Amino acid sequence: MLKVALKMLEVIEEAGFQAYIVGGFVRDHLLGIHSNDVDIATNATPKDLKKIFQEACLSNDDYGSVTVIFKNIHFEITTFRKELSYKDNRRPDQISYINNLEEDLRRRDFTINTICMNQKGEIIDLLHGCDDLNKKILRSVSDPFQELEEDVLRILRAVRFATTLQFQLEETLEQAIKEKKYLLCHLSMNRKKEELDKIFSSPFAISGVDLLKKLGLDQELGFTKIYKVKLCSQMIGIWTMLEVDDLYPFTKNEKALMQQIREVLSDPISPLNLYYYGLYPCVVAGELNGIEKKKVNEIYLQLPIHNRNDLAVQTKDILEVLGVSPGPFLKKMYQKLEEGVLTGKLVNEKDALLSYCTQVFKEDMNE
Ligand code: ATP
Ligand code: MG
């Protein structure tokens, strides 16, 4: 991936511009973490880049940057810029293109996100990001109070990096977050959820939750049930405990899943729950109850049936033995058969199931 990224710099430089890899890719590379996308800073304008990459180039009009997908890697190429003014405590509404890397780096959020790599693969560290990277400190590039006021998303980015990388917040940044947290109301619920998803899907999610509490962000984010959150490797498990289904923009599937997890929470390894809800909600609920995934899996695999087709009888057998035509009673009959087999009251064998059907049918007739 690094090779492809360096090749990309070469292509831009050959067209007569400067180009550096910057941000997450360099940071993660130095930390030995794999990244999926590469950010490039250049003095080529979006117009120049469109000439270089032609149809491979998608422009993001909102940001004045372009995206190029090259050898399956996602490159976000941004022209060196200065941010002139900000709107609604979120993103600049006026920028100007500049011709100076250092000045471009100064508008970025944290020092560890300003480390660059040139076309030879050499590290260029104009703002001493490597010092902070080695000390595992997250430090604002400029005055954190002003930085957070200009763009309040940086509060959640700070919590995200502190969580995923297990870095400490530099003291004034921490103070600034506490002071400026009230501005989070200006951030859209979509943007909040995007960052929170990254925090909650980290292996260190629980320290992220603790940090949100420590900084007092739980109130600003509407997390009144944060005290209920327990360690869970699945971010949906954390969202389930937070009970913010209607506050954040979840998909229909996510909402349904959270509801299912809650429904099986009291007994995630009961055969009936495993059968009717399926494995995944039970695994998540199991984890929230301290039951290992392996155990939930084993119990699931041992279920005598996993769906209706696994029953040793079919509809035609039932109708034949009862001597009746199909009707609504079948639904109830199947449910009784499934429950009987799953709870071990019935053996999943044709004769046993059919004689049970006859008995149930007679009882129902007498009712
Ligand atoms: P990752 O891609 O791993 O999520 P990243 O740091 O690369 O992390 P991006 O959103 O890809 O994050 O942004 C690329 C770079 O742009 C950042 O490293 C940072 O230098 C700068 N940046 C991004 N968002 C902001 C922001 N809100 N304020 C200031 N600088 C930012
Ligand atoms: Mg990135």
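Visitor: In the hairpin of strand 6 and strand 7, which residue takes a positive phi?

Guide: In this predicted model, strand 6 and strand 7 pair in the antiparallel sense over six bridges, and K82 has S96 in strand 7 as its bridge partner. The hairpin that these strands form has two residues between the strands. The residue that takes a positive phi, near 50 degrees, is D88.

Visitor: What is the order of the strands in the open sheet of seven strands?

Guide: The pairing in this open sheet is mixed, and both senses can be found at strand 2. Strand 1 (residues 19-22) runs antiparallel to strand 2 (residues 37-42), with four bridges joining them, whereas strand 2 and strand 5 run parallel and are joined by six bridges. The edge strands, each of which pairs on one side only, are strand 3 (57-60) and strand 9 (123-124). The full order is 3-4-5-2-1-8-9.

Visitor: Which residue in strand 5 is the bridge partner of V38?

Guide: Strand 2 is joined to strand 1 by four bridges, and one residue pair across that antiparallel join is V22 with its partner D39 in strand 2. Strand 2 is also joined to strand 5, in this case by six bridges and in the parallel sense. In strand 5, the partner of V38 is F75.

Visitor: At about what angle does helix 3 run to strand 3?

Guide: Two helices that lie across strands of this sheet can be described together. Helix 1 (residues 2-14) lies across strand 1, strand 2, strand 4 (65-70), strand 5 (73-79) and strand 8 (116-117), and runs at about 150 degrees to strand 1. Helix 3 (residues 46-53) lies across strand 2, strand 3, strand 4 and strand 5, and its angle to strand 3 is about 165 degrees.

Visitor: Between which domains does the largest pocket lie, and why?

Guide: The protein chain is divided into domain 1 (1-135), domain 2 (141-223), domain 3 (253-301) and domain 4 (309-366). Residues of two of these domains contribute to the pocket lining, so the pocket lies between domain 1 and domain 2.

Visitor: Which element gives the largest share of the lining of the largest pocket?

Guide: The pocket holds about 1,600 Å³ of space, and its lining is made up of 49 residues, with D39, E76, R157, R160 and R191 lying nearest its centre. Elements that give two or more residues to this lining include strand 2, strand 5, helix 7 (153-165) and helix 9 (189-200). By class, the lining has 14 nonpolar, 13 polar and 22 charged residues. The largest share, seven residues, comes from helix 7.

Visitor: What distance separates the C-alpha atoms of I137 and F167?

Guide: I137 lies in strand 10 (residues 137-138). Apart from its neighbours within four places in sequence, I137 is in contact with I112, D132, F167, Q168 and E170. Although I137 and F167 are 30 residues apart along the chain, the distance between their C-alpha atoms is 5.3 Å.

Visitor: What distance separates the centres of domain 2 and domain 4?

Guide: Domain 2 covers residues 141-223 and domain 4 covers residues 309-366. With the centres taken over C-alpha atoms, the separation is 57 Å.

Definitions and conventions: Residues are numbered from 1 along each chain as its sequence is written. Chains are lettered from A and ligands numbered from 1 in the order in which they are written. This is a predicted model: local features need pLDDT of at least 70, side-chain atom pairs count only at pLDDT 80 or more; totals for chains, interfaces and linings use all residues. Side-chain values use heavy atoms; hydrogens and water are left out. Two strands pair if DSSP finds at least two bridges between them. Contact means heavy atoms within 4.5 Å. Axes are lines fitted to C-alpha atoms, for helices over the stretch in contact, and angles run from 0 to 180 degrees between N-to-C directions. On a 1 Å grid over the protein atoms alone, a cavity is a set of points where a 1.4 Å probe fits but cannot get out, and a pocket is an open set with protein on both sides within 12 Å along at least five of seven lines; lining residues have an atom within 4 Å of a point. Grid points are joined across faces, edges and corners, and a volume is the space filled by probe spheres set on the points. Ala, Val, Leu, Ile, Met, Phe, Trp, Tyr, Cys and Pro count as nonpolar, Asp, Glu, Lys and Arg as charged, and the others, Gly among them, as polar. Domain bounds come from an automatic or database domain assignment.
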